Amino acid sequence: MSAKIELPFRLDNQLTEVMRLRVQSLQQRSQKRQEGERLLRPNEAVYRLDFSKQSLRFSHWTVRLAQPGRLTITATSQLWTPDLTNLMTRQLLEPVGEFWRVAEEAPDVSAQCYEADVAELGERIAELAKVRKVMYFLFAFAEGCSPETVDCSITFMVDT
């Protein structure tokens, strides 16, 4: 028998701020980033997903955008330990999840997406959950989308 578990993505304000300070520090010192380092862009924030169970099978995404806009979700690999190392481009996973809503759609309708890509991303997250208790993501907001207008979770099946 299987049960469903819905996990919400949570904004990690502290880690987002640390990554913004890294950008600011480099700018103030007129220094360049490390080779391969991925700096946080102004329209991005770091989100986290905490796994209470490890044996998961991807079911579906629930992404609601309160207003028209675009959200891109990029997962990071299990090799990134944010408290110890800078984020490197090689630690970003593909594919990314792209979700959007156009002006003509009702706000309570789930966002549109590239279904094959978000399904593959969901399966990769389930695979990484076997070895991680927490996973980090870059959320990029565009075209009117912002952290305040996004409600995002992912649902898995758990064998009981």
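**Note on the predicted model: cores, sheets, helices and selected loop residues**

1. The largest nonpolar core of this predicted model has 34 residues, and those with the most contacts inside it are W61, L71, I125 and F156. The elements giving two or more residues to this core are β1 (2-8), β3, β4 (56-65), β5 (69-75), α2 (115-129), β8 (134-142) and β9 (150-159), and the largest share, six residues, comes from α2. A nonpolar core is here a set of buried Ala, Val, Leu, Ile, Met, Phe, Trp, Tyr and Cys residues joined through side-chain atoms within 4.5 Å, where buried means under 20% relative accessible area, exposed over 50% and partly exposed in between, with a 1.4 Å probe and protein chains only. Helices (H or I, at least four residues) and strands (E, at least two) are DSSP runs, numbered from the N terminus.

2. The model is predicted, and local features need pLDDT of at least 70, side-chain atom pairs count only at pLDDT 80 or more, and totals for chains, interfaces and linings use all residues. Residues are numbered from 1 along each chain as its sequence is written, and side-chain values use heavy atoms, with hydrogens and water left out.

3. Leaving aside its neighbours within four places in sequence, F156 is in contact (heavy atoms within 4.5 Å) with A3, K4, I5, L7, F51, L56, R57, F58, S59, G122, I125 and A126. Apart from the core to which F156 belongs lies another, of nine residues, among them L15, L87, V134 and L138. In soluble globular proteins, nonpolar side chains tend to be buried together.

4. One open sheet has three strands in the order β1-β9-β4, with antiparallel pairing; two strands are taken to pair if DSSP finds at least two bridges between them. Because β1 and β4 stand at the edges, each with a single partner strand, one side of each is left without a neighbour in the sheet. The twist averages 20° from one strand to the next, with axes being lines fitted to C-alpha atoms, for helices over the stretch in contact, and angles running from 0 to 180 degrees between N-to-C directions.

5. Strand β9 deserves a separate point. Eight of its ten residues are buried, so β9 is largely enclosed by the rest of the structure. Seven bridges join β9 to β1 in the antiparallel sense, including the pairing of E6 with T155 and that of A3 with V158. On β4, the antiparallel pairing with β9 extends over nine bridges, and R64 stands opposite D151 in β9. Helix α2 lies across β4 and β9, running at about 125° to β4.

6. The other open sheet to be described has six strands in the order β2-β3-β8-β5-β6-β7, again with antiparallel pairing. Its edge strands are β2 and β7 (112-113), each of which pairs on one side only. Within this sheet, β5 and β8 pair in the antiparallel sense over six bridges, and L71 has F141 in β8 as its bridge partner. Helix α1 packs on the sheet, touching β2, β3 and β8, and its direction makes about 145° with that of β3. Helix α2 also packs on the sheet, touching β3, β5, β6 (97-101), β7 and β8, with its direction at about 130° to that of β6.

7. Helix α1 has 16 residues and reaches 22 Å from its first C-alpha to its last, close to the 22 Å expected at 1.5 Å a residue, the expected span being 1.5 Å times one less than the number of residues. Its buried residues are L15, T16, M19, V23, S25 and L26, and the buried residues of α1 pack against β2 (10-11), β3 and β8. The helix is followed by S30, whose phi is positive, near 55°.

8. Two residues of the loop between α1 and β3 may be set side by side. E37, placed in the loop between α1 (13-28) and β3 (44-50), is buried, with a relative accessible area of 3%. A polar contact of 2.8 Å joins the side chains of E37 and R22; such a contact is a pair of N or O atoms within 3.5 Å, of which, within protein, one must be able to donate a hydrogen and the other to accept it, and residues adjacent in sequence count only if both atoms are side-chain atoms. Leaving aside neighbours within four places in sequence, E37 is in contact with R22, N86, L87, M88 and T89. R41, found in the loop between α1 and β3, is partly exposed, with a relative accessible area of 45%.
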